[in-house]
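Here's a quick tour of one protein model, written for someone who'd rather be at the bench. Have a look at the structure, then read on.

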Amino acid sequence: MVQQAGLTLKHLQMVLQRRWLCTKREWRVKQVTKSNLSQTLESLKPQISQSDFIAVSLQRTGSVSAPWHRVFPFDTPQTAYSKARFAADEFQVFQFAVCPFSVRPSKVVAYPYNFHLFPRDELNIGMPSYSFSCQASYLTSMAREGFDFNVCIYDGISYLSRVQESAANAAIGNPIPSNNLKTSSSTPSVADTVFMGRIKSRVKHWKNACGDSSTRTEDVLSKFMRKLILGSEQYGSRPSINLDVSSEHQVQLVLEVLAEFDDLVALLIPSKGGGTQAVRVILTSSEEDKDLLKRELQDLEEEQRKKVCGFREVIDLISASQKPVVSHNSLNDFAFIHSKFLAPLPPNIDEFTCSLRMVFPYVLDVNHLMKDIGPLKKVTNLSAAASRIKRRFFVPIDMEIPHEALNEDKIHGQNVLRISHLLANLCSILKITPEMIQSDGGHLASALEGYANIFYPHEEQTDGDLRVWTDDTRKASSEDLVFIWGLSGKMSAGSLKRLLQGSHSVFAGEFDVRMVDRSCAIVVFWQPGLSQAFLESISSNGISGRLRKMVSEGLRAAGYETYEKACKLGFREADLADAMDKALEEPDHCSEEDDSETKPSSGPSQIYWSRDSIINLDEL
């Protein structure tokens, strides 16, 4: 018995020592630039296919242009998305960390990579970006961490989104191998029959001319005139001819004709306006030569695709794997991912989530898992979460990094490892075992499905409810919120509340005041209807005393819909007060077209308010 206890104690000591080493050592992340991208992709492909999850973390050039652009507890999901959308359009991604990882008993096996990006116009077509904004504090932080901006600019990996790739292919005009012949069961029209007969006759005449041995002894002028008349060209060492088309229907008719010839290969030449402008036909000398040409075309297409896609090939690998993607602050991260690598962001959060799920079926945000664990409910920072777990729980999970990242001397991209390690810890605390994770054949474990694809940054919302991350919350409708600005001097929430008390009958009841930024405050009325009465009094000059004096000195007020309008229209003013003034001046018809998309049909949202959710102005 004593021997068994001794073994148990020894085992516990070894676990604690291993845990101490895991927290003490500095995790290394493989740094990837343009020069080692191809080699990295070869390693990354099998690691993604064999992993349980893929963690991602982005280093951006900024996140907000002003303090009020941050997401607040009183923001509706649509308002929060509007802020993330405009940030994604304004700023750029300089580092994109990717980490395929698997959860095993007592350890996480991770393969971390940090890709250095730069939106270089590799093809001289004005894409992916002409310009972008930078936030000074973000660049300062990157410089302190030893980030090499020269490497980023000169050796950073460029990319195009999927939409930009289509536009680039059309602008460049590279021929595309034709593998999409659609046979029609309907009887061709007279016009189609005449068109196909003419194409067939021209191709036969061209082939006969190419095979005529007497033409090989012609002088240069005769050869030139023959090529001009026949429209014959050379594709490398092989004869070719271009057949002009005016529609996709004619493309299919040409392909039907060419299918009758065993020694011809067709390429589609895209037009700059989209669609196809011609079909290039290449003559091969044998079946072996035809197979060789097809392989050459495939290699050329793959080389061109890699040159155009750049880093987006990593995004396509992650998407093709259909593995759960793990992040921290998923709304901001995936707004950037959608904007930079997929397509322009839609105006509506529902369209955004639908579009994203077609590419990434499962997105997990570690913030939402922490909400179900009491001591972690209010934690939003990765380092703070790791520290709290270490103090409050015994979760002996090591981090194993088996690849060459251990030899790296740079520490950029470590957040992706923190996310991987944190998810494993959270799964352990929530009793989600590695067996449960691996039993679903590479798909998301059923125990984690309730946490997937939640992009609202605060607590999960139902029926338009929004929750603040505090224990003491109260529900309020967005109709009971009023924004006040035009305040004289530097004013705190407490001093403003004292000024408002007794200035009007609506303030005789219970109300709360919070500062949104230095220029604007938000007031919540706990009795329904008082907010509307207050706004009507100000607009009709039905006020007196202290409040009348405040209005004469420049105080203004507006309902929640004006704030929503300012966020939806993407105003970039430094102070919310200026943005609210601008929103009031904008005619309502400017936003009417998006109203059905951005406003919930069930009426006003409900806000969960807390006395603890005071904004610290020292952080602004």
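## A negative patch on the surface

In this predicted model, D262, E287, E288 and D291 come together as a negative surface patch. If you want to find D291, look in helix 10, which covers residues 287-309.

Is D291 buried, partly exposed or exposed? Its relative accessibility is 35%, so D291 counts as partly exposed; the buried class stops under 20% and the exposed class starts over 50%.

## The big nonpolar core

Now for the inside. The largest nonpolar core holds 44 residues, and the ones with the most contacts inside it are F96, F115, F311, F334 and F360.

Plenty of elements chip in with at least two residues each: helix 2 (37-49), helix 3 (77-90), helix 11 (312-321), helix 12 (330-342) and helix 13 (349-357), plus strand 2 (53-60), strand 3 (93-104) and strand 5 (113-116). Helix 12 gives the largest share of this core, with 7 residues.

## Two residues with a positive phi

Most residues other than glycine have a negative phi. Which residues go the other way here? Q322 does, with a positive phi of about 60 degrees even though it isn't a glycine. You'll find Q322 in the loop between helix 11 and strand 11 (325-327). With a relative accessibility of 33%, Q322 is classed as partly exposed.

N329 is another case: not a glycine, yet its phi is positive, at about 70 degrees. N329 sits in the loop that runs between strand 11 and helix 12. Its relative accessible area is 26%, so N329 is partly exposed.

Note on methods
Residues numbered from 1 in each chain as written. Predicted model: local features only at pLDDT ≥ 70, side-chain atom pairs only at ≥ 80, totals over all residues. Heavy atoms only, no water. Patch = residues over 30% accessible without salt bridge, like charges linked within 9 Å, V, L, I, M, F, W, Y side chains within 5 Å. Areas by Shrake-Rupley, 256 points an atom, 1.4 Å probe, with all protein chains shown as cover. Salt bridge = Lys/Arg side-chain N within 4 Å of Asp/Glu carboxyl O. Lys, Arg positive; Asp, Glu negative; His and termini not counted. Charge placed at Lys NZ, Arg CZ, Asp CG, Glu CD. Helix = DSSP H or I, 4+ residues; strand = E, 2+ residues; numbered from the N terminus. Buried < 20%, exposed > 50% of the residue type's maximum accessible area, 1.4 Å probe, protein only. Core = buried A, V, L, I, M, F, W, Y, C linked by side-chain atoms within 4.5 Å.
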